[in-house]
Amino acid sequence: MDYISTRGDAPVLNFSDALLAGLAADGGLYLPREWPALTFEDIRALRGKPYQEIAFAILKPFIGGEIADDRLRGMIDDAYATFRHQAVAPVVQADSNRFILELFHGSTLAFKDVAMQLLARLMDHVLAERGQRATIVGATSGDTGGAAIDAFAASTRTDMFILFPHGKVSPVQQRQMTTVGAANVHALAIEGHFDDCQNLVKAMFADTSFRNEVKLSGVNSINWARIMAQVVYYFTSAVSLGAPDREIDFTVPTGNFGDIFAGYVAKKMGLPIGRLIIATNENDILARTLETGRYEMRGVQATTSPSMDIQISSNFERLLFEASARDSEYVRRAMAGLKQSGAFDIESETLKTIRKSFAAGRTDEDAVASEIKRTLEETGLLIDPHTAVAHAVARQHERSQAPMVVLSTAHPAKFPAAVKSASGIDPALPAWLAGLMDKEEQFSVLSPDLDMLEAFIRAQRGSES
Ligand SMILES: Cc1ncc(COP(=O)(O)O)c(C=O)c1O
Ligand SMILES: N[C@@H](CCOP(=O)(O)O)C(=O)O
């Protein structure tokens, strides 16, 4: 399978090279040249199969023959053996026609584990085959960082630097990044917002000499392999609810647009998804964009769903590319507008195409707290604030013709203060994380300065490679 950049000006790569590249050299994001298509019968045949087997069927066409089948199966099995639920991503009924897809049964209690556990194995495999090492950088608003550090702590071929906004992640999220104690991983608290961290990561990729010198790679959802691994649970949940014989709607709590874009990919591959509902907190840039056709940044608000406190939603670029019939010149213009003025307008045909598949809604902080309480009363389930954002928005978009699946992206124990204040219940961390809050932390505090950051990475990486 060939991979092309959304900006049309980077080399076409195979899967392994796209995996290691992270971001394309022209600043764009890699996507497969064409979408693998599954027939109605192919999808029906997935019913009743274990998660791992469905993962193999969905992922193989994206990887082509680059990894032997038995090796790929082994990596999938190992990745999902780390999950504490046999189904990996179980579906729980919340109402007659509303279901919750639980994506938080991995080691760090967030949906990021689903992709990150596989990504670490894929990267180590490709690096080992080539006899290479890589320096991985990542930006996190809280969950990507913990999942990445957990997944890569055992890696012998990578040095990892995770940038998080100082003081703006939950205490559990912070400790999942700062207490691992592995020599190859470094947690960096940046004085700024998540968008500053993400901009620094993109700036490091744009600095060609640094990129080549340290063999830079990335694990944010700018890396295609992250999206690819997340496509799988759209299939597992949809077939468990009767697809392909009926349409399924999904509501996804959205920040960087990676998770919901994976749903769009599943739809492109033939899964009968009716609507993909973008759910935002008060940082509602995506809901406003769907409504007005103008993507326009405003200041970031701190909320109880901090992982979605984002203004620059990286994967929206992938959607623009697809919805504009892969017009890379248009994508380049839009991204230049965003960089220069913090805004761009979506062409009317592209917007029409987006609105055919997507709808959007926002919630405020009061609604999130009420939703946590209401869901507990109605279903007995304690949900986290990100899931509550999605649940509240899902209620606005339900229709009798299709079941609604709400993606539950984090365990409530990652956000105990917000959950307790809304529900009165203090959610306990699972046994394997007991003692997390008492462990000694190790992290460095840095200002959002590219030169200083690159110097820091050179020095730390140099001392350990
Ligand atoms: C718990 C949680 N929910 C939702 C999101 C938003 O997902 P995405 O950035 O893929 O849109 C994030 C961050 O990515 C998250 O950590
Ligand atoms: N919400 C994310 C932000 C980074 O998103 P990613 O999916 O691009 O890695 C987080 O928790 O870090």
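**Stop 1: the shell around ligand 2**

Select ligand 2 and colour its shell by class: there are no nonpolar residues, 12 polar and one charged. Keep in mind that this is a predicted model. The shell holds 13 residues, and the nearest are Thr140, Asp143, Thr144, Asn220 and Ser221. Which helix gives the most to this shell? It is α6, with three residues.

**Stop 2: helix α6 and the sheet beneath**

Now select helix α6, residues 143-152. This helix lies across three strands: β5, β6 (158-165) and β7 (185-190). Against β6, helix α6 runs at about 165°.

Show the whole sheet next. Five strands form an open sheet, in the order β8-β5-β6-β7-β15, with parallel pairing. Why does one side of β8 and of β15 lack a neighbour in the sheet? Both stand at the edges: β8 (216-218) and β15 (444-446) each have a single partner strand, so one side of each is left without a neighbour. Neighbouring strands here are turned by 30° against each other on average, direction ignored.

Zoom in on the β8 edge. Strand β5 (residues 134-139) is joined to β8 by three bridges, and the two run parallel. For a concrete pair, pick Val137: its bridge partner in β8 is Gly218.

**Stop 3: Lys112**

Select Lys112. The UniProt record, an unreviewed entry, annotates Lys112 as "modified residue: N6-(pyridoxal phosphate)lysine". In the model, Lys112 belongs to helix α5, residues 112-130. Is Lys112 buried or exposed? Lys112 has 33 C-beta neighbours inside 10 Å, so it counts as buried.

Which residues does Lys112 touch, leaving aside its neighbours within four places in sequence? The contacts are Asp143, Thr144 and Ala147. Two of these names are familiar: Asp143 and Thr144 also appear among the nearest residues around ligand 2.

Step back to the loop ahead of α5. Leu109 sits in the loop between β4 (98-102) and α5. Check its backbone: phi is near 70°, a positive value in a residue other than glycine. Leu109 counts as buried because it has 28 C-beta neighbours inside 10 Å.

**Stop 4: ligand 1**

Move to ligand 1. Its shell has 17 residues, the closest being Asp143, Asn256, Gly258, Ser307 and Thr409. By class they divide into six nonpolar, nine polar and two charged. Helix α11 (residues 258-268) gives the most to this shell, with three residues.

**Stop 5: strand β9**

Select β9, residues 248-253. This strand is mostly covered, with six of its six residues buried. Turn on the side chains. In a regular strand the side chains alternate between the two faces of the sheet. In β9, Ile248, Phe250 and Val252 point one way. Asp249, Thr251 and Pro253 point the other way, and all are buried.

Add strand β10, residues 273-280. The pair β9 and β10 is parallel and has five bridges. Click Thr251 and look across: its bridge partner in β10 is Ile277.

Then go back to the loop between α10 (224-240) and β9, where Pro244 is found. The bond to check there joins Ala243 and Pro244. This peptide bond is cis, with omega at about 10°.

**Stop 6: two more loop residues**

Select Ala183, in the loop between α7 (171-178) and β7. With 10 C-beta neighbours inside 10 Å, Ala183 counts as exposed. Draw a distance from Ala183 to Ala154. The two are 29 residues apart in sequence, while their C-alpha atoms are 9.7 Å apart in space.

Now try Val88, in the loop between α4 (69-81) and β3 (91-93). Its phi is near 65°, a positive value in a residue other than glycine. Val88 is buried, with 25 other C-beta atoms within 10 Å.

**Stop 7: the N-terminal stretch**

Finish by selecting residues 3-80. The UniProt record (unreviewed entry) places the feature "domain: Threonine synthase N-terminal" there. How much of this stretch is helix, and how much is strand? Over residues 3-80 the chain is 47% helix and 8% strand. The C-alpha atoms at its two ends are 26 Å apart.

Notes. Residues numbered from 1 in each chain as written. Chains lettered and ligands numbered in written order. Predicted model: local features only at pLDDT ≥ 70, side-chain atom pairs only at ≥ 80, totals over all residues. Near = placed C-beta within 6 Å. Helix = DSSP H or I, 4+ residues; strand = E, 2+ residues; numbered from the N terminus. Nonpolar A, V, L, I, M, F, W, Y, C, P; charged D, E, K, R; others polar. Pairing = 2+ DSSP bridges. Axes fitted to C-alpha atoms, helices over the stretch in contact; angles between N-to-C directions. Contact = placed C-beta atoms within 7 Å. UniProt positions renumbered as here; feature names shortened; annotations may be inferred. Buried ≥ 20, exposed ≤ 12 C-beta atoms within 10 Å, placed from the backbone.
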